[in-house]
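Thanks for asking me to look this one over. Here are my notes, point by point, for you to follow with the structure open.

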Amino acid sequence: MTPTPRLGRALTTVTFMLATTLYGTTTTHADDDPNDPPGTEPSAAAPMDVDPNDPDLKLPDGATLAQAKVLDIKSVVEEQSGDERREDTNTSVTLALQAEVLFGKDSAKLGAESKSRITGIAEEIKTQNATRVRVFGFTDNLGSSAHGDTLSKKRANAVHDVLSATLNDAGITYEVRGYGEQYPIADNSTEAGRKKNRRVEVSFPRTEG
């Protein structure tokens, strides 16, 4: 697995179980009314049927098996600074960049350092031979919800535009959305937490096999 740029510095890793996939419908810019939020899609189907009457299962009398589901192993790697965050599962890759790395304060204009960061993500998309890419923008909970929604959409669109131009591949479809303050990954009551929540995430399927 090729790491994203600069993730070689002081990394922390957490591995845990999570049922998730990262696929969806495609669009070229942010939807006004997004529906399926990230990380809430149904898990993959079970690979085989299980016979609840098999005596080897040794179920107590009257007990039944829960519906089978497949769990992905998720590995989360984050720079010590928090500028970049990477999540890998069996089926997908999600790369997150803090907004301050890409944009000025309360702005959707990409800064001088942003192109190299986004180019690194584009290289990973090429490595995975991904043909479906999600670009989602998020903010903290400061200011009005409407302002956060608008800003996160503009930021997601800005990242999408650079990715699309860099990859220049008509075979890739994009889903681009802004979620504002929804789905925080850290505590909004502290500035450190709000900084993590101000982010743009790019996710795509992993190469099978």
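1. Let me start with Asn-188, whose contacts beyond four places in sequence are Asp-140, Asn-141, Arg-194 and Asn-197. Asn-188 belongs to the loop between S6 and H4. Is Asn-188 buried or exposed? Its relative accessibility is 14%, so Asn-188 counts as buried, the cut-off for that label being under 20%.

2. A word on confidence before we go further, as this is a predicted model. The average pLDDT of the chain is 79, and 68% of the residues score at least 70. Over residues 1–35, however, pLDDT stays under 50. The model does have 108 contacts beyond four places in sequence for residues 1–35. Still, predicted coordinates should not be read in detail where pLDDT is low, and I would keep that in mind when you look at residues 1–35, where pLDDT stays under 50.

3. Now to the rings. There are three aromatic pairs in the structure. Phe-138 and Tyr-179 have ring centres 5.6 Å apart and planes at 15 degrees, so this pair is stacked. The pair joins distant parts of the chain, 41 residues apart: Phe-138 is in strand S5 (residues 132–138), and Tyr-179 is in the loop between strand S6 (173–178) and helix H4 (191–197). Phe-138 has a relative accessibility of 1% and therefore counts as buried; Tyr-179, also at 1%, counts as buried too.

4. Tyr-179 has another ring partner, Tyr-183, in an edge-to-face pair with 5.4 Å from centre to centre and 75 degrees between the planes. How accessible is Tyr-183? Its relative accessibility is 30%, so Tyr-183 counts as partly exposed. Ring pairs bring Phe-136, Phe-138, Tyr-179 and Tyr-183 together in a cluster. Do look at Arg-199 here as well: its charged end sits over the ring of Phe-138, 3.9 Å from the ring centre.

5. Next, the nonpolar core. The largest one has 25 residues, and the members that touch the most others are Ile-125, Val-133, Val-135, Val-159, Leu-163, Val-202 and Phe-204. Which elements supply at least two residues each? They are strand S4 (92–98), helix H1 (99–102), helix H2 (114–127), S5, helix H3 (145–167), S6 and strand S7 (199–205). H3 gives the largest share of this core, six residues.

6. Val-135 is a good place to view that core from. Val-135 lies in strand S5, and with a relative accessible area of 0% it is buried. Beyond four places in sequence, Val-135 touches Ala-156, Val-159, His-160, Leu-163, Glu-175, Val-176, Arg-177, Val-200, Glu-201 and Val-202. The C-alpha atoms of Val-135 and Tyr-174 are 7.3 Å apart, although 39 residues separate the two along the chain.

7. I also checked the lengths of two helices. H3 has 23 residues, which at 1.5 Å a residue should span 33 Å; its end C-alpha atoms are 33 Å apart, so the two values agree. For H2, with 14 residues, the expected span is 20 Å, and the end C-alpha atoms are 20 Å apart, which agrees. The buried residues of H2 are Ser-114, Arg-117, Ile-118, Gly-120, Ile-121, Ala-122, Glu-124 and Ile-125.

8. Finally, some backbone angles to look at. Most residues other than glycine have a negative phi, so positive values are a useful thing to list. H2 is followed by Asn-129, with a positive phi near 55 degrees. Asn-129 is in the loop between H2 and S5, and its relative accessibility of 60% means that Asn-129 counts as exposed. Asn-168, just after H3, takes a positive phi of about 50 degrees. Asp-106 has a positive phi near 55 degrees and lies in the loop between H1 and H2.

Note on methods: Residues are numbered from 1 along each chain as its sequence is written. This is a predicted model: local features need pLDDT of at least 70, side-chain atom pairs count only at pLDDT 80 or more; totals for chains, interfaces and linings use all residues. Side-chain values use heavy atoms; hydrogens and water are left out. Rings of Phe, Tyr and Trp (its six-membered ring) pair if their centres lie within 6.5 Å; planes under 30 degrees apart count as stacked, over 60 as edge-to-face and the rest as tilted. Helices (H or I, at least four residues) and strands (E, at least two) are DSSP runs, numbered from the N terminus. Buried means under 20% relative accessible area, exposed over 50%, partly exposed in between (1.4 Å probe, protein chains only). A charge sits over a ring if NZ of Lys or CZ of Arg is within 6 Å of the ring centre and within 35 degrees of the ring normal. Contact means heavy atoms within 4.5 Å. A nonpolar core is a set of buried Ala, Val, Leu, Ile, Met, Phe, Trp, Tyr and Cys residues joined through side-chain atoms within 4.5 Å. The expected span of a helix is 1.5 Å times one less than its number of residues. pLDDT is the predictor's confidence in each residue, from 0 to 100.
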